[in-house]
Amino acid sequence: MMKFEYHEARSIPEAISLANGLPGRTRWLAGGTELFPKMKSRAVTADHLVNLKRIPELAGVGRNHSVIRVGPLTSLEELANSKSLGKVFSALCEAARGVASPNIRRAATIGGNLCQAPNCLYFIHRNLWRLPECHAAQGNTCNAIQGARKCTAMSPADIAPALIALGAELEIKGPENKGMPVESFFVSSGVTVIHKNEMIGTIAIPNPPLPSGSAYLKYSRRKTIDYAIVSVGVRLVLESDGDHCLEARVALGGMGPVPFRARKAEDLLTGERITEDTISRAAELASRGGQPWADLHASNSLRRRLAGLLTMRALALAFTRARAAG
Amino acid sequence: MKEMNMSKHEIYLRVNGREHRLSIDSHLTLLDVIRDKIGLTGTKRGCDLGECGACTVLIDGKPYNACLITPMDVQGKEIVTIEGLAQDGKLHPIQEAFIEQGAIQCGFCTPGMVLGAKALLDEDPSPSEEKIKEALSGNLCRCTGYTSIVRAIQSLGGKRKDGREG
């Protein structure tokens, strides 16, 4: 691995002042399961790494009556098995359980998963293959699709669609603190709105009114290790009759450079009776959204078909769960 | 030269019950340190990217990929490598079972498989086939087709440390 200077921070202000003061490229070190492989293949570089694992307030799951607060350094293993999350947040548990392998989930963190770099092979291996610096590496070309004016890699974050479906908000710590819904966090594949001296402080997930149910489904080539080709997170809040939909949230990953809400599908479901027919019409609308590119992993049309199929299954699952909860 | 000195770190690792005080460069992973500094080469370097599980070690009883961990994070923790399983020249029952069931061919994945199996069996003495496959899903084997590995672990199912069934 390329050499770097190693630092440890014991509080958020200490980490931020380190990042402000250090020369060159500084990166946060959380689980390391994304950063180290990408540093080994020289896809990403760093002069300094600031280890955040000594900051106690960044890890763990806390809950009160209205909101669940997940620290960004909470391991995916903990989220996958978390009892305090319960049935209402099953989309998050399923998303965490779907990432990589058990060994990796023990070390990987949810904050790191949200901030991961693009998984485009032309980005990861550009130094090995002697390709010019691409958009994702602050260059001005795309090695995957000739002539593309911006990065064409699909959104990598496996967890993001689940968090978007659950209406999660990020609290960003930095010189100035700010907050935003998860769907506003991403600029393009692997690029987020936060700067080098900022970090995710907390992920706050509102406790939805009952009865509600959520689900997350992902398609990848192998069940373990592989990133999602397409992933879908949904949450349905039902009216007290248990049939009509009060609020629907459908979020898609792998269908464009950033994960996003399928608003047309959501609008179709809101206020409607949830039936096989409304679910399949909403799934159809979801599959038409986004801007999927063909890449090494899947063609454009495969991504659309997967998005439709996964949305249909996830909605049916979330509906069953919501009824069971009510 | 000043920079070179800055990146050295004094660390203290406990591997297989033995204590090691080392001065290392910060860019070394736990795998680099175990193999190249401590000299325990039973932990294998496969992909070095976290995809194959050949470098699996136990940290406080749980399996991790050593190639993705900085040694700074495991100071003071109990690290067990494959060399730590055999006691007084006698193989661990899991190692015996792997030999008995022919779960080793080239042997490159075996240290990771055995340690993954140990963590699983410590938690659940008679795991189902599904649970074994899930627990070892991050450990790749290109020879055995996994059947004999699963069989070896299942053959230990229900056996307690005192040797009695149940």
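**Entry 1. A:Ser188**

I began at A:Ser188, which I located in strand β8 of chain A, residues 186-188. The model I am reading is a predicted one. I took the relative accessibility of A:Ser188 as 18%, so I entered this serine as buried, the cut-off for that class being under 20%. Setting aside residues up to four places away in sequence, I noted A:Pro257 and A:Val258 as the residues that A:Ser188 touches.

**Entry 2. A:Ser75**

I turned next to a second serine, A:Ser75, and found it in the loop of chain A between β5 (67-70) and α3 (76-80). Its relative accessibility is 15%, and I therefore recorded A:Ser75 as buried. I then followed its side chain, which reaches the backbone nitrogen of A:Glu78 at 3.1 Å. With neighbours within four places in sequence left aside, I listed A:Arg105, A:Arg106, A:Ala108 and A:Thr109 as the contacts of A:Ser75. I marked A:Arg105 for a later entry, as this arginine also forms a salt bridge with B:Glu134.

**Entry 3. Nonpolar cores**

I looked up the largest nonpolar core and noted that it holds 84 residues. The members that touch the most other members are A:Phe123, A:Leu163, A:Ile203, A:Ile205, B:Leu13 and B:Leu30. I recorded helix α4 of chain A, residues 90-97, as the source of the largest share of this core, with five residues. I also found a second, separate core of 30 residues, in which I noted A:Val230, A:Cys245, A:Leu269 and A:Phe319 among the members.

I then examined A:Ile203 individually. Beyond four places in sequence, its contacts include A:Ile68, A:Val70, A:Ile110, A:Leu114 and A:Leu163. I noted that A:Arg69 and A:Glu169 are also in contact with A:Ile203.

**Entry 4. The interface of chains A and B**

I asked how many residues each chain brings to the contact, and counted 30 from chain B and 27 from chain A. I entered the area buried between the two chains as about 2,300 Å², with 55% of it on carbon and sulfur atoms. On the side of chain B, I identified B:His27, B:Leu68 and B:Asp73 as the residues that lose the most area to chain A, together 26% of what that side buries.

For the polar part of the interface, I recorded 12 residue pairs in polar contact, both residues at pLDDT 80 or more. I noted that α1 (2-6), β4 (62-65) and α5 (129-135) of chain B each supply at least two residues of the side that touches chain A. The largest share of that side, four residues, comes from β4(B). I sorted the same side by class and obtained 11 nonpolar, 12 polar and seven charged residues.

**Entry 5. Salt bridges**

I noted 33 salt bridges over all chains of the structure. Between chain B and chain A the count is five.

I took A:Lys3 and B:Asp25 as one such pair, their side chains meeting at 3.9 Å, N to O. I placed A:Lys3 in the segment before β1 (5-8) of chain A and B:Asp25 in strand β2 of chain B, residues 18-25, and the pair thus crosses between chains. A:Lys3 is partly exposed at 46% relative accessible area, whereas I entered B:Asp25 as buried at 16%.

I returned to A:Arg105, whose closest N and O atoms to B:Glu134 are 3.0 Å apart. I found A:Arg105 in helix α5 of chain A, residues 102-107, and B:Glu134 in helix α5 of chain B, so this pair joins two chains. I recorded a relative accessible area of 5% for A:Arg105, which is buried, and 37% for B:Glu134, which is partly exposed.

**Entry 6. The network around A:Arg54**

I then followed A:Arg54, which meets A:Glu8 in a salt bridge at 3.1 Å, N to O. The two lie 46 residues apart: I placed A:Arg54 in the loop between β3 (48-51) and β4 (61-63) of chain A, and A:Glu8 in strand β1 of chain A. I classed A:Arg54 as partly exposed at 22% relative accessibility, and A:Glu8 as partly exposed at 26%.

I found that A:Arg54 also forms a salt bridge with B:Asp73, with the closest N and O atoms 2.9 Å apart. I closed by recording a network of salt bridges that links A:Glu8, A:Arg10, A:Lys53, A:Arg54 and B:Asp73. I noted again that B:Asp73 is among the residues of chain B that lose the most area to chain A.

How values were computed. Residues numbered from 1 in each chain as written. Chains lettered and ligands numbered in written order. Predicted model: local features only at pLDDT ≥ 70, side-chain atom pairs only at ≥ 80, totals over all residues. Heavy atoms only, no water. Contact = heavy atoms within 4.5 Å. Buried area = accessible area lost by both parts, 1.4 Å probe. Salt bridge = Lys/Arg side-chain N within 4 Å of Asp/Glu carboxyl O. Polar contact = N/O pair within 3.5 Å; in protein donor to acceptor, adjacent residues only side chain to side chain. Nonpolar A, V, L, I, M, F, W, Y, C, P; charged D, E, K, R; others polar. Core = buried A, V, L, I, M, F, W, Y, C linked by side-chain atoms within 4.5 Å. Buried < 20%, exposed > 50% of the residue type's maximum accessible area, 1.4 Å probe, protein only.
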